[in-house]
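Biologist: I would like a close look at a single part of this protein, the place where two of its helices pack against one another. Please take me through that part with care, and then set it in the context of the rest of the chain.

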Amino acid sequence: MTTAFSSVMSVSSDRERVKSYYNSINNNQNNSRKAVPLHVIFPWGVAYKTWWGFTVFAAGFTIFFETYEVAFSSGGLAKSGSLIVEIILLTIFILDIIINFNLAYYDENNKIIFNRQCIFKHYIRKMFWVDLIGVIPFYLICLQATGTLGEESQFTQNLGLLQLLKLVRIYRVAYFFSILQYNRKISLISLTLIRNFSAALVWTHVWACIMFFIARESAFGQDTWLGSEEVADMSSFENYVTALYWSVVTFTTVGYGDFSPANPIEQIFGMIYMLLNVVLMVRRCW
């Protein structure tokens, strides 16, 4: 109880410091905006904040879309819808890189920097390389190089693991919640509930995809947690719901027993999943 109270008081004091910091920026915001050179973007402008929020949403969508594609798609970007979504996401984050090369920033002395050379060096030293990894279409390049674009096969399905490199984009989501932590308009209880629910949703989704991928690698044999008879009668969405159901009941320690790991590999991953769940719960209690 004391620890929780201290944590809340610490966040409250942090919010006060951040509020005074933002106020010092806002007091000079109008004068700073007048000094913005042509084609340099002001970081606290409404237009950029709207765009940044959009990229956060796109990064969150990437987490679900790419992991789902790796586990449940037929591979090779055979479905036109998947290819279109990939192109849209790629376009969004390429545009964001271009914007970041034109985005003013505040240095360690809270002085806003508009110099293009400084902006370039600042972005290169910070998040450029992470953003670059997130936009290089490794999967599409490999499919094109091997002549398997649009081909549904075991090879293209396994090659789809390259799509997981795009998950580096999720740093935006973590940064987003760290900013909300100091927003006085949002209560700490509401923020904690939203953040924890989002984390649990992502966590169970990812492990649902992992377990389905493992069963698929074994061709959904009778020695897998999801046998061929079940898969044959279900659509991709139904397969996903079943995998997510297993993940949720395992995560919540309910464990109905209607689906369970059936071979050594699945059992190892199942144990890893359960142990990680315990670690996460213990960490939340401290």
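Modeller: What follows begins with the packing of two helices, moves to one residue within it, and then turns to other sites and to the chain as a whole.

The model is a predicted one, and every value below was computed from it. The part in question is formed by helix α3, which covers residues 46–72, and helix α4, which covers residues 80–100; their axes come within 10 Å and cross at roughly 145°. The crossing of α3 and α4 is left-handed. On the side of α3, the residues that make the contact are Y48, W51, F54, T55, A58, A59, F61, T62, F65, E66 and E69, while α4 contributes S82, V85, E86, L89, I92, F93, L95, D96, I99 and N100. Sorted by character, the residues of this contact comprise 13 nonpolar, four polar and four charged ones.

Within this contact, S82 of helix α4 deserves a separate description. The side chains of S82 and E69 are joined by a polar contact of 3.1 Å. Leaving out residues up to four places away in sequence, S82 touches F65, E69 and L77. S82 counts as buried because its relative accessible area is 10%, which is under the 20% limit for that class.

Another buried residue is N239, which belongs to helix α12, residues 236–251. Its relative accessible area is 6%, so N239 is classed as buried. When neighbours within four places in sequence are set aside, N239 is in contact with F72, F212, L226, V231 and M234.

The loops offer some further sites. S260 is placed in the loop between α12 and α13, the latter being residues 264–285, and with a relative accessible area of 39% S260 is partly exposed. Beyond residues up to four places away in sequence, S260 touches W225 and W246. The C-alpha atoms of S260 and G270 are 8.5 Å apart, with the two positions 10 residues apart along the chain. P137, in the loop between α6 (128–135) and α7 (138–146), also counts as partly exposed, at 24% relative accessibility. The C-alpha atom of P137 is separated by 9.4 Å from that of I87, although these residues are 50 apart along the chain.

Two loop residues call for attention to their backbone angles. Most residues other than glycine have a negative phi. A219, however, has a positive phi of about 60° without being a glycine, and A219 is found in the loop between α10 (188–217) and α11 (228–232). T253, in the loop between α12 and α13, likewise has a positive phi, near 60°, and is not a glycine. A219 counts as exposed at 58% relative accessibility, and T253 counts as exposed at 64%.

As for the whole chain, the secondary structure comes to 13 helices and two strands. The protein has 286 residues, of which 37% count as buried. If one considers contacts between residues at least 6 apart in sequence, 70% of them join residues at least 24 apart. The protein exposes about 16700 Å², and carbon and sulfur atoms supply 68% of that area.

Note on methods
Residues are numbered from 1 along each chain as its sequence is written. This is a predicted model: local features need pLDDT of at least 70, side-chain atom pairs count only at pLDDT 80 or more; totals for chains, interfaces and linings use all residues. Side-chain values use heavy atoms; hydrogens and water are left out. Helices (H or I, at least four residues) and strands (E, at least two) are DSSP runs, numbered from the N terminus. Buried means under 20% relative accessible area, exposed over 50%, partly exposed in between (1.4 Å probe, protein chains only). Contact means heavy atoms within 4.5 Å. Accessible areas come from the Shrake-Rupley method with a 1.4 Å probe; for residues, only the protein chains shown count as cover. Axes are lines fitted to C-alpha atoms, for helices over the stretch in contact, and angles run from 0 to 180 degrees between N-to-C directions. A crossing is left-handed if the near helix is turned anticlockwise from the far one by less than a right angle, and right-handed if clockwise. Ala, Val, Leu, Ile, Met, Phe, Trp, Tyr, Cys and Pro count as nonpolar, Asp, Glu, Lys and Arg as charged, and the others, Gly among them, as polar. A polar contact is a pair of N or O atoms within 3.5 Å; within protein, one must be able to donate a hydrogen and the other to accept it, and residues adjacent in sequence count only if both atoms are side-chain atoms.
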